[in-house]
Amino acid sequence: MASLSSDEWRAICDKFTNAQNLTDVESRNDPENDPFRSKYKARELLREIYCSLKSFEAGEGDEDGGAESSEQRTAEPPVDGQREDGFGEGFSGDSPAGLRAAKLGAVEYYLGVNHVDTEELSAGEEHLMNCMKQLARCRVTSENVSLFIHVRNQLGILWAGRDETETAQGFLETAESIYQRYMKEDGSPPTDMTEYFTSEEKLPTHQERTKRFELAYTHTMYYLAQVYKNLGETERAATYCHTTLQRQLQLNQFSPMEWALNAATLSQYYITKGRYMEGRHCLSAATVISGLAGEVPSEAVAQESETESDRREQLRQKRAEIARCWIKYCLNLLQDSKKLLEDNIGELDTDRQEELKRARRQEEEDEEKGRKSALLFGSEDTFDSIASLEEKVCCLFPLDFTEARGVFLVGQNYVKQAKEYFQMDGYVTDHIEILQDHSALFRGLAFFEEDLERRCKMHKRRVDMLEPICNDLNAQYYLLIRRQLMFELAEIYNEMMDLKLTLANRQADTQSLDNHTIKKFNSLCSASAKYFQMFLDSLCSPEGKVPEHLEEEVLRPALVARFRVARLHSRLISPLPSAQLDNLNKSLENYKYVAEYCESHPEAAAAVETELELSKEMVGLLPLKINRLKAKMATNN
């Protein structure tokens, strides 16, 4: 058989085009009870192409005197873990033998993907490895480099799906090195795999070839990002994710909402690392790119189709999720700033504040340099929009109330957006988490507020948003969330109590506190103790029995709550000795609990070192105070 006639070759090309159409277009309309019908038809066509090529190869091999050595015919594919990348010996990609190997390899590749798509993974792997065997006979050139990368991408996905992450890593890193070396040594637009079976008049342009090749490498980057994440190499994963997102924008190959969510998710990594400039950039890009998905269709559209309804719902949800990522950005920025500025009792250290303000000019210069060296998202169409959004929120730590308020207001605006979608009716957990973040934003801002009255009002806002929810939630279904809310409310009331006392002490000594102040102080003190006690009661059995052993996740909160209840009872102000005695006894009882629990569970001591030390001290001192009060009461009687 000298060669395929032009008619035979056109028939092969037509079969390939039909197989592609069945796979990419017709399969979308396959019925539910026969979901792979079109892909099975495509498989038969690919098998026919393979048989035609093999019969041609047999005749051609006899006529050219056996261009391949027996060693080359039986070459096994390299183990990808050894990073063999195909630039060594073998047929040149543009030689007749090299082109035959590439065409056979391409059919094996498409058969492999077809079997993976129909959930026949072992058969899929076999075909993909057959493709590797064909390519092992060739050197990497522009005629086959695309196939070299595509087959390794597919094997990487296959092994990652089996949780064989390191095997997947081997295939994908080899694909990466092949791309990088090819671009360094050649760089010309390579042959696309579809060209092996395309008539000359339908060949892609150089521009189309380049775009398809770059997209294949973008997929390599994307899959490597997942692999590194699964291996716990988070920084490397973030770098690859960032590169993937930028390449998708450059190639204009992305779904706006999916891209935006990935960028917003990446921002959360940067935020946890304190890299707020990168975090802000990711979120600004996410917001701008999500806008490319268009406006959320109105619910008022008459006879809205199910597809339109789903799309409207998805747009609203994903934009609300991006808003939540912005909330976390603002919240973390305020919290990290507080850690920088607070003294050993949690108040603003003014000396440190001035020191950081003096260093601010250098930080701003470093930020500008950082922007120039950073990998920035955007194309000509979106770059200005992203930069404009970035200017609306700072990425440097706020150092005073004005700066902190700017961050707070941005966060509060996104709270409003997120709550519009994640409403209490239908999204209980999400809605409450957003409220908790809103409360935490107020807490972050309150740290910078010098006016104690205004600070107290901020904490009151937190109570107003959390208390009704806490009291209305079903205790059985939302136990863990209620515990969080109880503990937070107890801490807020405790903070307000301390602020009220500090204010009162500035005006007069404790002996001269007026009745209104005492009443307010006691009310806040009792409210704090009430919520700490509610938290402790939630740990008891249905019969009200206190647990003998505290689980690790509630160990510290439970012992801290006991310690705080003890402290709060000892601080209640009462003119009646009997009430004073009752409060002191309750205080002693709770201090004793902390000391005795840690004595019988020595491993618990490390969780509450400070509280334990003070509890032991009070267990020694309070009985003396109680006895003195009893003696005084007896004398007065």
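The following exercises concern selected residues of a predicted model.

**Exercise 1.** Determine where Glu119 is placed and whether Glu119 is buried or exposed.

*Solution.* Step 1: the backbone of Glu119 shows a positive phi of about 65°, although Glu119 is not a glycine. Step 2: Glu119 sits in the loop that joins helix 4 (96-117) to helix 5 (121-135). Step 3: the relative accessible area of Glu119 is 64%. Exposed requires over 50%, so Glu119 is exposed.

**Exercise 2.** Carry out the corresponding analysis for Asp163.

*Solution.* Step 1: Asp163, which is not a glycine, has a positive phi of about 65°. Step 2: Asp163 belongs to the loop between helix 6 (145-161) and helix 7 (165-185). Step 3: with a relative accessibility of 66%, Asp163 counts as exposed.

**Exercise 3.** Classify Asn153 as buried or exposed, and list the residues that Asn153 touches.

*Solution.* Step 1: Asn153 is located in helix 6. Step 2: buried means under 20% relative accessible area; the value for Asn153 is 4%, and therefore Asn153 is buried. Step 3: leaving aside residues up to four places away in sequence, Asn153 touches Leu172, Ala175, Ala216, His219, Thr220 and Tyr223.

**Exercise 4.** State how many disulfides the structure holds, and examine Cys138 and Cys525.

*Solution.* Step 1: the structure holds zero disulfides. Step 2: for Cys138, the nearest cysteine sulfur is that of Cys131, 10.0 Å away. A disulfide requires sulfur atoms within 2.5 Å, so Cys138 is in no disulfide. Step 3: for Cys525, the nearest cysteine sulfur belongs to Cys456 and is 14 Å away; Cys525 is likewise in no disulfide. Step 4: Cys138 counts as buried at 2% relative accessibility, and Cys525 counts as buried at 1%.

Notes:
Residues are numbered from 1 along each chain as its sequence is written. This is a predicted model: local features need pLDDT of at least 70, side-chain atom pairs count only at pLDDT 80 or more; totals for chains, interfaces and linings use all residues. Side-chain values use heavy atoms; hydrogens and water are left out. Helices (H or I, at least four residues) and strands (E, at least two) are DSSP runs, numbered from the N terminus. Buried means under 20% relative accessible area, exposed over 50%, partly exposed in between (1.4 Å probe, protein chains only). Contact means heavy atoms within 4.5 Å.
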